[in-house]
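Opening a fresh page for this chain. I want the overall layout, then a handful of single residues.

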Amino acid sequence: MTVAAVFLTVSIASCGRKDTDSPFRRIVDRPVQLEVDNNNFLDVSVYAVAGGVSLRIGDVGVKNKGTFTLDPDRISMVSGVQVLVDPIGSDRTYLSPTVYPYGGATLELSVGAYIDQSFLSVR
């Protein structure tokens, strides 16, 4: 009975502890910046797509630039992140390839005049 009580106490005490040496700790520990340069003829809505879930980041007006911060809890080196651009009033979209940014990285998204000319780069 004493061994079971000790095991239970140790198990409960370790539940709230974060193991910094765990291989499952968060990889991206600093925010990732997303810089959007909208050269399209329409305003665009921008989404981050990670792990099959899309998160609306914001809007960028016609021929404008916008800077956004992506939450590091939403970025994973395992699933990566894609950027979806949806021009308002158009039935066409752009979905970037999957990128795997590190903490503090900057994603540069250039939205083309024609949505198919868009591209994403990491610096």
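**Cut-off first.** I count a residue as buried when its relative accessible area is under 20%, as exposed when it is over 50%, and as partly exposed in between. I also keep in mind that this is a predicted model.

**T106.** Buried or exposed, I asked of T106? T106 has a relative accessible area of 11%, and since buried means under 20%, T106 is buried. I found T106 in strand β7, which covers residues 106-111. Setting aside residues up to four places away in sequence, I see T106 touching Q33, E35, S121, V122 and R123. I also checked T106 against P31: they are 75 residues apart in sequence, yet 9.1 Å apart in space, C-alpha to C-alpha.

**Whole chain.** I stepped back to the fold. The secondary structure comes to one helix and eight strands, and along the sequence I read the pattern α-β-β-β-β-β-β-β-β. The chain has 123 residues, and buried ones make up 33% of them. For contacts between residues at least 6 apart in sequence, I note that 57% join residues at least 24 apart. The accessible surface comes to about 7,900 Å², with 56% of it belonging to carbon and sulfur atoms.

**Sheet with β7.** Which strands sit together with β7? I get an open sheet of four strands in the order β4-β1-β7-β8, with mixed pairing. Its edge strands are β4 and β8 (119-122), each pairing on one side only. Neighbouring strands here are turned by 20 degrees against each other on average, direction ignored.

I then went through the pairings of β1. With β4, β1 pairs in the antiparallel sense over six bridges. Two bridge partners in β4 that I wrote down are T69 for Q33 and F68 for L34. With β7, β1 pairs in the parallel sense, over six bridges, and there I find D37 opposite S110.

**Faces of β1.** Which residues of β1 lie on the covered face? I list V32, L34, V36 and N38 as covered, while Q33, E35 and D37 make up the uncovered face. So far I have T106 touching Q33 and E35 from that uncovered face.

**Second sheet.** The other four-stranded open sheet runs in the order β3-β2-β5-β6, and its pairing is antiparallel. Its edge strands are β3 and β6 (94-95), and each of these pairs on one side only. I looked at the pairing of β2 (residues 44-50) with β5 (residues 82-87): it is antiparallel, over six bridges. Within it, Y47 stands opposite L84 of β5.

**Core.** Which members of the largest nonpolar core touch the most other members? Of its 21 residues, I noted L34, V36, V85, L107, L109 and L120. At least two core residues come from each of β1 (32-38), β2, β3, β4, β5 and β7. The largest share, four residues, is supplied by β2.

I followed V36 further, as it is on the covered face of β1. Not counting residues up to four places away in sequence, V36 touches V46, V60, N64, K65, G66, F68, L109 and V111. One of these, L109, is also on the core list above.

**S96.** Next I went to the loop between β6 and β7, where S96 lies. Why do I call S96 buried? Its relative accessibility is 1%, so S96 counts as buried. The side chain of S96 reaches the backbone nitrogen of V83 at 2.8 Å. Leaving aside neighbours within four places in sequence, I find S96 in contact with Q82, V83 and L120. L120 is another name from the core list.

**K63.** Last stop: the loop between β3 (53-60) and β4 (65-70), which holds K63. What caught my eye is the backbone, as K63 has a positive phi of about 55 degrees although it is not a glycine. I checked the cover too: at 48% relative accessibility, K63 counts as partly exposed. The cut-off for exposed is over 50%, so K63 stays in the in-between class.

Methods
Residues numbered from 1 in each chain as written. Predicted model: local features only at pLDDT ≥ 70, side-chain atom pairs only at ≥ 80, totals over all residues. Heavy atoms only, no water. Buried < 20%, exposed > 50% of the residue type's maximum accessible area, 1.4 Å probe, protein only. Contact = heavy atoms within 4.5 Å. Areas by Shrake-Rupley, 256 points an atom, 1.4 Å probe, with all protein chains shown as cover. Pairing = 2+ DSSP bridges. Core = buried A, V, L, I, M, F, W, Y, C linked by side-chain atoms within 4.5 Å. Axes fitted to C-alpha atoms, helices over the stretch in contact; angles between N-to-C directions. Polar contact = N/O pair within 3.5 Å; in protein donor to acceptor, adjacent residues only side chain to side chain.
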